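Me: I would like to go through the packing in this structure step by step. Please show it first.

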Amino acid sequence: MATYEVTQEAMKKAMSERHTVRKYKTDKLSSDIVEKLNERIGENNKKYALNIRLVLNNKEAMPGIMAATMSKNVLNYMILAGPDKASTDEVLGYVSADLMLYAQTLGLNTWWIGGMYSKKNARKNSDAPENAKIIGVVAVGYGMEQGVPHKSKPASEVSSYEGEAPDWFKAGVEAALLAPTGMNRQEFTIKGTGNEVSMTVPEGSFSKADLGISKYFFELGAGKENFTWK
């Protein structure tokens with residue numbers, strides 16, 4: 001397989017460039033792009049014991065009413081599937097963040113869909129075991145537009161640090177505020193002490209997936225080498 005080496009700087013740039021896109025062109029993904037996406041998916045599946053699958057040229061992700069009113073040409077999507085256990089939602093959120101940013105570096109757009117996709121068709125098109133958990137899909141393709149930044153809360157509203165906050169912590173918080181979360185609520189709370197950081201979210205339908213996504217963004221912004229999760 002042809003390996004596409006993506007730098008941390010490219011992934012960081014993708015954080016600020018990636019926005020939710022719901023309407024796509026019908027242009028098919030090239031075989032090279034598909035190979036790169038599948039390679040990244042395969043690496044993550046192996047590392048985290050997941051069952052994420054890329055589905056191409058398939059209209060079945062979106063129910064008719066959603067396809068007609070809220071989206072257009074959602075033909076390619078990644079089914080977020082993994083083992084049926086409590087930690088899976090957060091892990092799938094974390095990995096989906098990696099895949100969305102990676103797709104952005106390839107010139108693609110994405111949309112994390114948690115409640116409006118066809119669960120029946122996602123299950124049908126997944127190659128995961130029957131008892132696997134599916135928490136959503138990520139649409140991927142060439143957007144008709146590039147999306148717009150979501151409104152962010154001030155860093156002081158979602159974070160605190162014991163003492164003078166180091167630059168890496170500030171950068172991590174700013175990165176987390178770029179992360180897509182359910183209804184763009186940004187309900188996470190980030191606390192830092194020394195080189196230890198904790199992130200929590202209130203209970204909700206997609207809270208654990210939101211936590212995983214936001215943790216990935218924080219890590220990318222702060223640098224994993226600068227802290228440990230508490």
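Me: Leaving aside neighbours within four places in sequence, which residues is P83 in contact with?
Reply: This is a predicted model. P83 is found in the loop between β2 (77-82) and α4. With its neighbours within four places in sequence set aside, the contacts of P83 are A49, L50, N51, T88 and K133.

Me: Is P83 buried, partly exposed or exposed?
Reply: Buried means under 20% relative accessible area and exposed means over 50%, with partly exposed in between. The relative accessible area of P83 is 27%. P83 is therefore partly exposed.

Me: What distance separates the C-alpha atoms of P83 and Q186?
Reply: Along the chain, P83 and Q186 are 103 residues apart. Their C-alpha atoms are separated by 26 Å.

Me: How are α2 and α4 oriented to each other?
Reply: Helix α2 (residues 31-48) packs against helix α4 (residues 88-105) with the axes 11 Å apart and an angle of about 160°. Angles over 145 degrees count as roughly antiparallel. Therefore α2 and α4 are roughly antiparallel to each other.

Me: How do the residues of the contact of α2 with α4 divide into nonpolar, polar and charged?
Reply: On the α2 side are K36, L37, R40, I41, N44 and Y48, which meet V91, Y94, V95, D98, L99, Y102 and A103 in α4. These residues divide into nine nonpolar, one polar and three charged.

Me: How are α4 and α8 oriented to each other?
Reply: α4 and helix α8 (residues 207-222) pack with their axes 6 Å apart, at an angle of about 50°. The crossing of these two helices, α4 and α8, is right-handed. An angle of about 50° is neither under 35 degrees, nor from 65 to 115, nor over 145. α4 and α8 are therefore oblique to each other.

Me: Which strands are the edge strands of the sheet?
Reply: Four strands form an open sheet with antiparallel pairing, in the order β1-β2-β4-β3. An edge strand here pairs on one side only. The edge strands are β1 (53-55) and β3 (109-113).

Me: In β4, what is the bridge partner of T110?
Reply: β3 pairs with strand β4 (residues 133-141) in the antiparallel sense, over five bridges. The bridge partner of T110 in β4 is V140.

Me: Which strands does α4 touch where it packs on the sheet?
Reply: The direction of α4 makes about 5° with that of β4. Packed on the sheet, α4 touches β2, β3 and β4.

Definitions and conventions: Residues are numbered from 1 along each chain as its sequence is written. This is a predicted model: local features need pLDDT of at least 70, side-chain atom pairs count only at pLDDT 80 or more; totals for chains, interfaces and linings use all residues. Side-chain values use heavy atoms; hydrogens and water are left out. Axes are lines fitted to C-alpha atoms, for helices over the stretch in contact, and angles run from 0 to 180 degrees between N-to-C directions. Contact means heavy atoms within 4.5 Å. Ala, Val, Leu, Ile, Met, Phe, Trp, Tyr, Cys and Pro count as nonpolar, Asp, Glu, Lys and Arg as charged, and the others, Gly among them, as polar. Buried means under 20% relative accessible area, exposed over 50%, partly exposed in between (1.4 Å probe, protein chains only). A crossing is left-handed if the near helix is turned anticlockwise from the far one by less than a right angle, and right-handed if clockwise. Two strands pair if DSSP finds at least two bridges between them.
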